[in-house]
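Me: Please choose one stretch of this chain and look at it closely. Then place it in the chain as a whole, step by step, so that a first-year student can follow.

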Amino acid sequence: MLTVALCRSASKTFSKVSSPVSRVLPHIQVHSGYVPGEQPLGRQEVIKLNTNENPYPPSPYVVAAINDEISKLRLYPNPTSLPLRESIADLYDLEPNQVLVGNGSDDILNLCARCFADHDHPVGMTSPSYSLYSVLASLQHAPLVEVPFGDEFGLDLSDLLACEANLFFLTTPNAPSGTAFANDFLSAFHDGFPGILVADEAYADFAPHNAVGLLADCPRLIITRTLSKSYGLAGLRVGYALGDSGLIEVLNKAREVYNVDRLAQAAAIASIRDQSYFRDTTEKIKSTRKNTLDDFRSRNWKTYESATNFLFTEPRMMSGEVGLEVAENLFCHLMQNGILVRHFPNHSLTSSFLRISIGRDDEMIILKEALSKWKTHE
Ligand SMILES: Cc1ncc(COP(=O)(O)O)c(C=O)c1O
């Protein structure tokens with residue numbers, strides 16, 4: 001009896017001095033998680049142009065591939081995603097040991113941070129850029145070095161080279177501007193930078209060029225790709241890294257062993273095999289992008305040339321006024337008309353712009369109709 005009473009009073013004292021929160025690592029206590037673009041709950045009909053998903057469904061072969069796997073779901077997936085890595089390696093004429101597959105490319109970016117960043121090994125990124133990079137740095141308790149873009153999203157090589165990071169995330173083509181970096185620029189950065197350079201090529205399938213050809217001469221380059229955008233598989237979560245086999249092996253050691261499930265592996269293989277569907281949908285998106293760019297420019301809206309599946313445009317009132325309030329006003333107007341786009345109000349290079357994903361042609365017609373109803377004369 002006495003023992004029970006003692007235990008009870010000890011546990012009371014313990015719970016007073018040690019709340020679970022006090023056990024959280026100090027850098028995690030102050031950490032803020034990544035905030036994704038709005039994902040509607042599906043109850044209301046919206047035209048979703050805010051997170052750069054593909055407006056077309058994935059290859060029709062995906063359905064059969066997934067159906068074939070369903071009866072095998074009691075079994076663990078292939079732990080190294082080998083057949084999928086072989087399909088990806090074939091695409092680029094690389095070896096499977098130069099490919100690592102992840103649960104979305106975010107998983108790969110996380111592995112890069114896990115392997116190459118900590119308190120003494122800073123993370124570099126351009127500013128503004130994909131905000132997940134700073135979240136990953138914070139999780140690793142790594143200092144963050146931000147290299148600011150200049151006017152018009154120009155980037156000085158000397159600024160990049162002066163950055164003393166161990167790991168640098170460069171989005172190319174860039175988000176949110178949509179502009180692409182030349183391969184000469186990337187290889188000059190790689191050659192002068194002693195750390196690991198991650199070229200995040202989430203949007204490269206919509207671009208006129210990519211950095212895969214640089215891999216042979218750039219041993220510290222890791223390219224990350226995703227099937228979320230150009231293959232229409234955002235809901236399944238498949239991304240991959242390409243790089244030197246030694247670097248890929250390092251990332252592989254840090255990987256959760258079953259990081260890509262059976263359905264995702266099968267669907268990704270089926271999608272990659274169907275290159276003709278991939279080409280058709282990608283070309284269609286590029287053609288809609290061109291028409292939309294022409295439309296925005298005909299309204300006298302500053303719009304960057306895009307190598308991605310979105311446009312970054314600065315809406316302008318009839319009075320000629322541009323700015324944060326104008327962008328916010330159009331953002332709200334579109335939302336009221338059931339169209340979701342993205343506004344980044346917190347940076348001077350982005351606050352007066354909206355990022356608009358390329359949808360199907362019929363969706364872009366509805367966007368145009370909503371734009372013509374925008375009371376720009378008020
Ligand atoms: C620049 C960039 N990198 C990576 C990702 C993440 O892609 P995934 O869906 O493969 O995790 C995104 C998603 O929007 C992105 O914009």
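## Strand β4 and its surroundings

Reply: The protein chain has 13 helices and 13 strands. The model is predicted. The stretch chosen here is strand β4, residues 144-148, with the loop that leads to α7 (157-161), and the loop that comes from α6 (132-139).

Start before the strand. H141 sits in the loop between α6 and β4. Its phi is near 60°, which is a positive value in a residue other than glycine. H141 has 15 other C-beta atoms within 10 Å, so it counts as partly exposed; the partly exposed class lies between 12 or fewer neighbours (exposed) and 20 or more (buried).

Next comes the strand itself. V145 is a residue of β4. With 17 other C-beta atoms within 10 Å, V145 is partly exposed. Leaving out neighbours within four places in sequence, V145 is in contact with P122, G124, C163, E164 and A165. One of these partners, G124, is 21 residues from V145 in sequence, yet the C-alpha atoms of the pair are 4.6 Å apart in space.

After the strand, the loop between β4 and α7 holds F149. F149 is buried, because 21 other C-beta atoms lie within 10 Å and the class begins at 20 or more. Not counting residues up to four places away in sequence, F149 touches T126, S127, G154, L155 and L349. Among these, T126 is 23 residues from F149 along the chain, and 6.6 Å separates their C-alpha atoms.

E152 is also found in the loop between β4 and α7. Its surroundings are described by another class: E152 has 10 C-beta neighbours inside 10 Å and therefore counts as exposed. The loop thus holds a buried residue, F149, and an exposed one, E152. The phi of E152 is near 60°, a positive value in a residue that is not glycine.

Further along the chain there is a loop between β5 (167-171) and α8 (183-192), where P173 has its place. The peptide bond that joins T172 and P173 is cis, with omega about -5°. P176 is likewise placed in the loop between β5 and α8, and the bond from A175 to P176 is cis too, with omega near 10°.

Now place the stretch in the whole. The domain assignment gives domain 1 as 47-54 + 276-372 and domain 2 as 61-273. β4 (144-148) and F149 have numbers that fall in the range given for domain 2, whereas L349, a contact of F149, has a number in the range given for domain 1. Taken over C-alpha atoms, the centres of the two domains are separated by 26 Å. In the contact between them, 21 residues of domain 1 meet 20 residues of domain 2. On the side of domain 1 that touches domain 2, α11 (275-298) and β10 (310-314) each supply at least two residues. α11 gives the most to that side, with 4 residues. Sorted by class, the side has 9 nonpolar, 8 polar and 4 charged residues.

Helix α10 offers a second example of burial. Its 12 residues (262-273) should span 16 Å at 1.5 Å a residue, and its end C-alpha atoms are 17 Å apart, which agrees. Within α10, the buried residues are A264, Q265, A266, A267, A268, I269, A270 and S271. What covers them includes α3 (61-70) and α4 (82-92).

There is also a ligand, with 13 residues around it; the closest are G104, S105, D106, T226 and S228. The shell around the ligand divides into 4 nonpolar, 7 polar and 2 charged residues.

Last, the overall form. The C-alpha atoms fill a box of roughly 80 × 50 × 50 Å along the principal axes. A compact globule of 378 residues would have a radius of gyration near 21 Å, and this chain has 23 Å, which agrees. Buried residues make up 41% of the 378 residues. Of the contacts with a separation of 6 or more, 70% are between residues 24 or more positions apart.

Notes. Residues numbered from 1 in each chain as written. Predicted model: local features only at pLDDT ≥ 70, side-chain atom pairs only at ≥ 80, totals over all residues. Near = placed C-beta within 6 Å. Nonpolar A, V, L, I, M, F, W, Y, C, P; charged D, E, K, R; others polar. Expected span 1.5 Å × (residues − 1). Contact = placed C-beta atoms within 7 Å. Rg over C-alpha atoms; globule rule 2.2 N^0.38 Å. Domains from an automatic or database assignment.
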